[in-house]
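This report describes a structural model, starting with its confidence and moving on to domains, cores and individual residues.

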Amino acid sequence: MSTTSSTTPTNTSKNPDAINASIGDYFSLLKPKVMSLVVFTGFAGLWVAPNAADLHPFLAATAILCLAVNAGAAGAINMWFDRDIDAVMKRTKNRALPLGKIDPDEALSFGLVLTVLSILTMSLALNWVAAGLLAFANFFYVVIYTIWLKRSTPQNIVIGGASGAFPPMIGWAAVTGDITLASLSLFALIFFWTPPHFWALALYMNDDYKKAGVPMLPATHGEKHTKIHMMIYSIIMMPIALSPYFLGIAGTAYLISAGLLTAFFIYTNIRVLFDKTHKSAKLMFGYSVFYLFAIFLALMIDKV
Amino acid sequence: MPHEELHKTKKKKNFTTLALIFAWIALIWIVTMIKVNHAG
């Protein structure tokens, strides 16, 4: 962690709270809510991988720890880069950086150190495939999404969303040291889930994104266009959600659960399509979070 | 800010960092032991 900037008189006088940052402030930099989703989907990938029982429990726990720390580190670097727009958005203005609780240099070095440590530990404890995927996911989130796409294209979360789709693949690779069609199907499930999930949020937070100058689809192409695109992704999700059954990593219980959960996902999207208010978008956003937890839970229970 | 006061302010953070470094060393040691035992 860098200490130089926060100890200089200029910075201390400019930002007196930064020197008193608590451990909780640093923890908030790791985006704990996002981290929980990463940990859960990563664990699901590890759990359903062939011969998962052969992996030593301590090594499995280490793999999940590396995933969590790496996701948190990427979140910290994202907050460092986005601190200007976070300060003007209602949803993010109370984060530690816009409030001046943590010095930006400290946040960046915190993120970088954790990134290096998590990748290094993953390679030592598990294998290079898992570590390589972890490094690539981090690079994708920080460089491709945060620095490049987020402020330049309304397709930001479509392409950038790939970074959030890596955890089950990484969990799978931690066990097998391999990338297979089955692990790619888990990647695809999150990849196609991400656009309708974020666009539902963008529909009712449109003013916030506009104020920050982030080109989200509802702001650049209008609500109707966004809702149609959400619908397309939701429909594509159905065959992808069912694919683990056909690829032989899940059974009938999963097939039925995934079918019902995805059908309801499409239904919530249809409601958004015809709703002139943003009530349905809020409901859909909430359900989309539940959906991802539920579908991966079904996958894990089915394996038991 | 006087030097001593600065140390006091940063004491908690520095000890936490030190504890995390020790925890990481312990983690690597355990991982190594598991790998060594499984290699045989």
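The pLDDT is the predictor's confidence in each residue, on a scale from 0 to 100. The model described here is predicted. In chain A the mean pLDDT is 88, with 93% of the residues at 70 or more. Chain B averages 85, and 92% of its residues score at least 70. For the model, ipTM is 0.80 and pTM is 0.86.

Confidence varies along chain A. Helix 11 of chain A has the highest mean, 96, while helix 1 (residues 4-7) of chain A has the lowest, 37. Residues 1-13 of chain A stay under a pLDDT of 50, and the model has 22 contacts beyond four places in sequence for this stretch.

**Chain B**

Chain B has 1 helix and 0 strands. Along the principal axes, its C-alpha atoms fill a box of roughly 55 × 10 × 5 Å. Of the 40 residues in chain B, 0% are buried.

**Domains of chain A**

The domain assignment divides chain A into domain 1 (1-179) and domain 2 (180-304). Their C-alpha centres are 23 Å apart. The contact involves 29 residues from domain 1 of chain A and 28 residues from domain 2 of chain A. On the side of domain 1 of chain A that touches domain 2 of chain A, the elements giving two or more residues are helix 4 (32-48), helix 9 (156-160), helix 10 (162-165) and helix 11 (167-176) of chain A. Helix 4 of chain A supplies the largest share, 7 residues. By class, this side of domain 1 of chain A has 19 nonpolar, 5 polar and 5 charged residues.

**Nonpolar cores**

The largest nonpolar core holds 77 residues, and Ala63(A), Ala130(A), Leu134(A) and Ile170(A) touch the most other members. Helix 5 (residues 57-81) of chain A contributes the most to this core, 14 residues. At least three residues of the core come from each of domain 1 (1-179) and domain 2 (180-304) of chain A. Apart from neighbours within four places in sequence, Ile170(A) is in contact with Gly42(A), Gly45(A), Leu67(A), Ala130(A), Leu133(A), Leu134(A) and Ala137(A). A second, separate core has 17 residues, among them Ile157(A), Leu217(A), Met230(A) and Met284(A).

**Helix 8 of chain A**

Several of the contacts of Ile170(A), including Ala130(A), Leu133(A), Leu134(A) and Ala137(A), are also buried residues of helix 8 of chain A. Other buried residues of this helix include Asn138(A), Tyr141(A), Tyr145(A) and Leu149(A). Where does helix 8 (residues 128-149) of chain A bend? The bend, of about 30 degrees, is at Phe140(A), and Phe140(A) is itself among the buried residues of the helix. The cover over the buried residues of helix 8 of chain A includes helix 5, helix 7 (104-125), helix 9, helix 10 and helix 11 of chain A.

**Individual residues**

Four residues of chain A are listed here by location and by the number of other C-beta atoms within 10 Å.

| Residue | Location in chain A | C-beta neighbours within 10 Å | Exposure |
|---|---|---|---|
| Lys31(A) | loop between helix 3 (23-29) and helix 4 | 19 | partly exposed |
| Pro50(A) | loop between helix 4 and helix 5 | 14 | partly exposed |
| Asn51(A) | loop between helix 4 and helix 5 | 8 | exposed |
| Met300(A) | helix 17 (residues 279-303) | 17 | partly exposed |

Why does Asn51(A) count as exposed? Asn51(A) has 8 other C-beta atoms within 10 Å, and a residue is exposed if that number is 12 or fewer. Lys31(A), with 19 such neighbours, is partly exposed, because a residue counts as buried at 20 or more.

Most residues other than glycine have a negative phi. Lys31(A), which is not a glycine, has a positive phi of about 50 degrees. Asn51(A) is not a glycine either, and its phi is positive at about 60 degrees.

Pro50(A) and Phe166(A) are 116 residues apart along the chain, with their C-alpha atoms separated by 18 Å. Met300(A) and Ala200(A) are 100 residues apart in sequence and 27 Å apart from C-alpha to C-alpha. Leaving out residues up to four places away in sequence, Met300(A) touches Ala44(A), Trp47(A) and Val48(A).

Notes:
Residues numbered from 1 in each chain as written. Chains lettered and ligands numbered in written order. Predicted model: local features only at pLDDT ≥ 70, side-chain atom pairs only at ≥ 80, totals over all residues. Domains from an automatic or database assignment. Contact = placed C-beta atoms within 7 Å. Helix = DSSP H or I, 4+ residues; strand = E, 2+ residues; numbered from the N terminus. Nonpolar A, V, L, I, M, F, W, Y, C, P; charged D, E, K, R; others polar. Core = buried A, V, L, I, M, F, W, Y, C linked by C-beta atoms within 7 Å. Bend = angle between axes of the 7 residues up to and from the residue.
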